[in-house]
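Thanks, everyone. I have one structure to walk through today, so let's put it on the screen.

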Amino acid sequence: MAVSEHKTHAGRSTLIRVVTPKPLTETPAARYIWAAARLALGWVFAWAFVDKLFGLGHETPAGKGWLDGGSPTEGFLAHAPKGPFAGFYNDLAGAAWADWLFMIGLAGIGAALLLGIGMRIAAAAGAALLVLMWTAVLPPENNVFMDDHLIYALLIVGLALVSAGDTLGLGRWWGKTRLVERLPFLK
């Protein structure tokens with residue numbers, strides 16, 4: 001168990017040493033696990049962006065990438081949505097503004113997580129995007145309500161709360177920049 005020591009004076013000559021456990025998120029092992037989770041989730045977003053941009057043949061067929069004139073939102077939003085929001089998402093399929101917002105979101109969230117900067121904005125944007133993706137396929141295929149989109153949304157918020165960008169990332173440096181000191185929501 002990691003401990004934090006505090007010395008205090010109880011009287012003229014009495015010195016009391018108070019030992020309290022450090023929060024689990026402050027141990028080196030926990031910091032590296034959170035950093036690994038941040039990098040893994042960052043890769044999920046970054047890979048989705050790259051695959052949809054270039055049409056690498058994984059989820060986006062070769063020749064159907066955004067740079068080839070394909071739409072990053074059309075295939076999924078036109079065919080996959082089900083449940084109460086299906087009509088709403090079908091109407092968004094292939095809209096240029098939806099394509100741009102989706103791709104900017106994937107790139108920005110992925111970059112923020114991989115670099116460990118802008119974790120608060122990445123958490124808010126990422127959680128919102130993931131919850132929207134969850135609502136597109138209600139109810140989920142394998143559970144009454146829970147699926148990986150909600151788990152990732154919780155994880156990304158947790159990553160911001162534990163300052164996961166400070167370990168194996170640029171978060172500590174980013175937090176000390178003048179811009180972030182002036183606008184702390186950018187941390």
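What follows is a quick tour of surface patches, backbone geometry and a few single residues. Keep in mind that this is a predicted model.

Let's start at the surface. Which residues form the positive patch? There are four names: Lys22, Arg31, Arg172 and Lys176. Take Lys22 from that group. Lys22 sits in a loop, between strand β2, residues 15-21, and helix α1, residues 28-54. The relative accessible area of Lys22 is 36%. That value lies between the 20% and 50% cut-offs, so Lys22 counts as partly exposed.

Next, the nonpolar patch. Ile121, Leu179, Leu183 and Phe185 make it, and its area is about 340 Å². Where is Phe185? Phe185 falls in the segment after helix α8, residues 178-182.

Now to the inside. Look at Gly110, in helix α4, residues 96-115. Is Gly110 buried or exposed? Its relative accessible area is 1%. Buried means under 20%, so Gly110 is buried. What does Gly110 touch, leaving out residues up to four places away in sequence? The contacts are Gly42, Phe45 and Ala46. For scale, take Trp97 and Gly110. They are 13 residues apart in sequence, and their C-alpha atoms are 20 Å apart in space.

Asp147 is another buried residue, at 14% relative accessibility. Asp147 is in the loop between α5 and α6. Its contacts, again without residues up to four places away in sequence, are Trp134 and Pro140. How far is Asp147 from Gly108, C-alpha to C-alpha? The separation is 23 Å, with their positions 39 residues apart along the chain.

Stay with that loop for the backbone. Pro139 is also in the loop between α5, residues 119-135, and α6, residues 148-161. The peptide bond joining Leu138 and Pro139 is cis. Omega there is about -15°. Why point this out? Because most peptide bonds are trans, and most residues other than glycine have a negative phi.

That second point brings us to the next loop, between α6 and α7. Helix α7 covers residues 171-175, and Ser163 is found in the loop before it, after α6. Phi of Ser163 is positive, near 55°, and this residue is not a glycine. Ser163 has a relative accessible area of 31%, which makes it partly exposed.

Leu168 belongs to the loop between α6 and α7 as well. What is the phi of Leu168? The angle is about 55°, a positive value in a residue that is not a glycine. Leu168 has a relative accessible area of 54%. Exposed means over 50%, so Leu168 is exposed.

One more leucine. Leu161 lies in helix α6. Buried or exposed, for Leu161? Exposed, with a relative accessible area of 69%. Which distance goes with Leu161 and Met119? C-alpha to C-alpha, 8.7 Å, for two residues 42 apart in sequence.

To recap the backbone: a cis bond between Leu138 and Pro139, a positive phi at Ser163, and a positive phi at Leu168. On burial, Gly110 is buried and Asp147 is buried, whereas Leu161 is exposed. That's my tour.

Notes. Residues numbered from 1 in each chain as written. Predicted model: local features only at pLDDT ≥ 70, side-chain atom pairs only at ≥ 80, totals over all residues. Heavy atoms only, no water. Patch = residues over 30% accessible without salt bridge, like charges linked within 9 Å, V, L, I, M, F, W, Y side chains within 5 Å. Areas by Shrake-Rupley, 256 points an atom, 1.4 Å probe, with all protein chains shown as cover. Salt bridge = Lys/Arg side-chain N within 4 Å of Asp/Glu carboxyl O. Lys, Arg positive; Asp, Glu negative; His and termini not counted. Charge placed at Lys NZ, Arg CZ, Asp CG, Glu CD. Helix = DSSP H or I, 4+ residues; strand = E, 2+ residues; numbered from the N terminus. Buried < 20%, exposed > 50% of the residue type's maximum accessible area, 1.4 Å probe, protein only. Contact = heavy atoms within 4.5 Å.
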